Structure formats: C-alpha cells, structure tokens
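Take a moment to look over the sequence and the model before reading on. Then let us walk through the fold together, one piece at a time.

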Amino acid sequence: MTARKQRNRKLVQNRSDDYWDLRIYHRAGKGKRGPRYLIKCGCCENELEIYYDSESLEINGVMASLDNWREILLPLLQEKQRRRLITMNRQ
Ligand SMILES: [Zn+2]
C-alpha cells in the first residue's frame with residue numbers, strides 16, 4: 001500500500017495550510033465509464049466524483065468541456081494563490 005493510499009483512509013490529516021487533507025481515490029476507466037476521481041472531505045463522508053477524458057469533465061453529474069470548467073475554476077484557484085502570495089509578502 002502506498003503512503004498516499006494509507007493517508008487517504010484517515011480522517012483529519014492536517015496540512016501545512018491549516019486545512020484537512022482531502023482523501024482522493026482513483027479508478028481506471030472501464031467499458032463506457034471513463035476514469036474517475038472520488039474526492040472525500042477531510043473531516044466527514046461528504047464526497048464528489050470527477051469523471052474525465054481528453055475533452056470534458058463531469059463533476060458530480062455536471063458535464064462540461066474542459067474549456068468551460070477552466071473558465072470557472074482557474075480564476076478561483078488563482079485567486080487563492082494570489083491571496084497566499086499577498087499574505088506571504090506581508091510577513
Ligand atoms: Zn467534512
């Protein structure tokens with residue numbers, strides 16, 4: 001068992017950013033179903049599924065093109081990165 005898999009099974013694993021680590025499981029594609037990530041909350045059994053292929057993502061049953069998801073998710077992720085940089089620069 002890899003270290004990542006061992007860590008996946010434990011709840012409430014602290015990260016250096018003061019949040020709990022997500023628990024991430026991957027399943028290879030099979031038949032019509034593409035490969036999937038199952039991502040579980042670090043503190044409870046809440047979860048989301050991401051099915052993916054070279055052109056699209058389906059996140060918890062919501063299907064869209066990669067470009068469509070990029071328009072929504074990248075600015076959100078970059079915003080956090082920007083805030084972290086600002087905080088680091090103040091210290
Ligand atoms: Zn939770």
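What follows is a short tour, from the overall layout to a few chosen residues.

First, a word on what you are looking at: this is a predicted model. Over the protein chain the pLDDT averages 86, and 81% of the residues score at least 70. Confidence varies along the way: among the elements, the lowest mean pLDDT, 65, belongs to α1, while β5 has the highest, 98. It is worth keeping those two values in mind as you turn the model around.

Now to the layout. The protein chain contains two helices and five strands, and reading from the N terminus the elements come in the order α-β-β-β-β-β-α. The five strands build an open sheet, ordered β1-β2-β3-β4-β5, with antiparallel pairing. At the edges sit β1 and β5, each of which pairs on one side only. On average, neighbouring strands of this sheet are turned by 20° against each other, direction ignored. As a rule, side chains in a regular strand alternate between the two faces of the sheet.

How much of the chain is buried? Of its 91 residues, 1% count as buried. As for contacts between residues at least 6 apart in sequence, 8% of them join residues at least 24 apart.

Let us follow the sheet through its later strands. Strand β3 covers residues 47–52 and β4 covers residues 56–59; the two run antiparallel and are joined by three bridges. Here Tyr 51 stands opposite Glu 58 of β4. The connection from β3 to β4 is a hairpin of three residues. Moving on, β4 pairs with β5 (residues 62–65), again in the antiparallel sense, over four bridges. In this pairing Ser 56 has Ser 65 of β5 as its bridge partner. The hairpin of β4 and β5 has two residues between the strands, and in it Asn 60 takes a positive phi near 45°.

Two loop residues deserve a visit as well. Arg 33 lies in the loop between β1 (23–27) and β2 (36–40). Is Arg 33 buried or exposed? Arg 33 is exposed, because its count of other C-beta atoms within 10 Å is 10, and a residue with 12 or fewer falls in that class. Arg 33 also lets us link back to the sheet: its C-alpha is 8.1 Å from that of Tyr 51, although the two are 18 residues apart in sequence.

The other loop residue is Trp 20, found between α1 (3–8) and β1. With 16 C-beta neighbours inside 10 Å, Trp 20 counts as partly exposed; that class lies between the limit of 12 or fewer for exposed and that of 20 or more for buried. Which residues does Trp 20 touch, leaving aside its neighbours within four places in sequence? Trp 20 is in contact with Val 12, Gln 13, Asn 14 and Arg 15, and also with Gly 42 and Cys 43. Beside these contacts, you can look for Cys 41: 21 residues along the chain from Trp 20, with 8.1 Å between the two C-alpha atoms.

Methods. Residues are numbered from 1 along each chain as its sequence is written. This is a predicted model: local features need pLDDT of at least 70, side-chain atom pairs count only at pLDDT 80 or more; totals for chains, interfaces and linings use all residues. Two strands pair if DSSP finds at least two bridges between them. Axes are lines fitted to C-alpha atoms, for helices over the stretch in contact, and angles run from 0 to 180 degrees between N-to-C directions. Two residues are in contact if their C-beta atoms, placed from the backbone, lie within 7 Å. pLDDT is the predictor's confidence in each residue, from 0 to 100.
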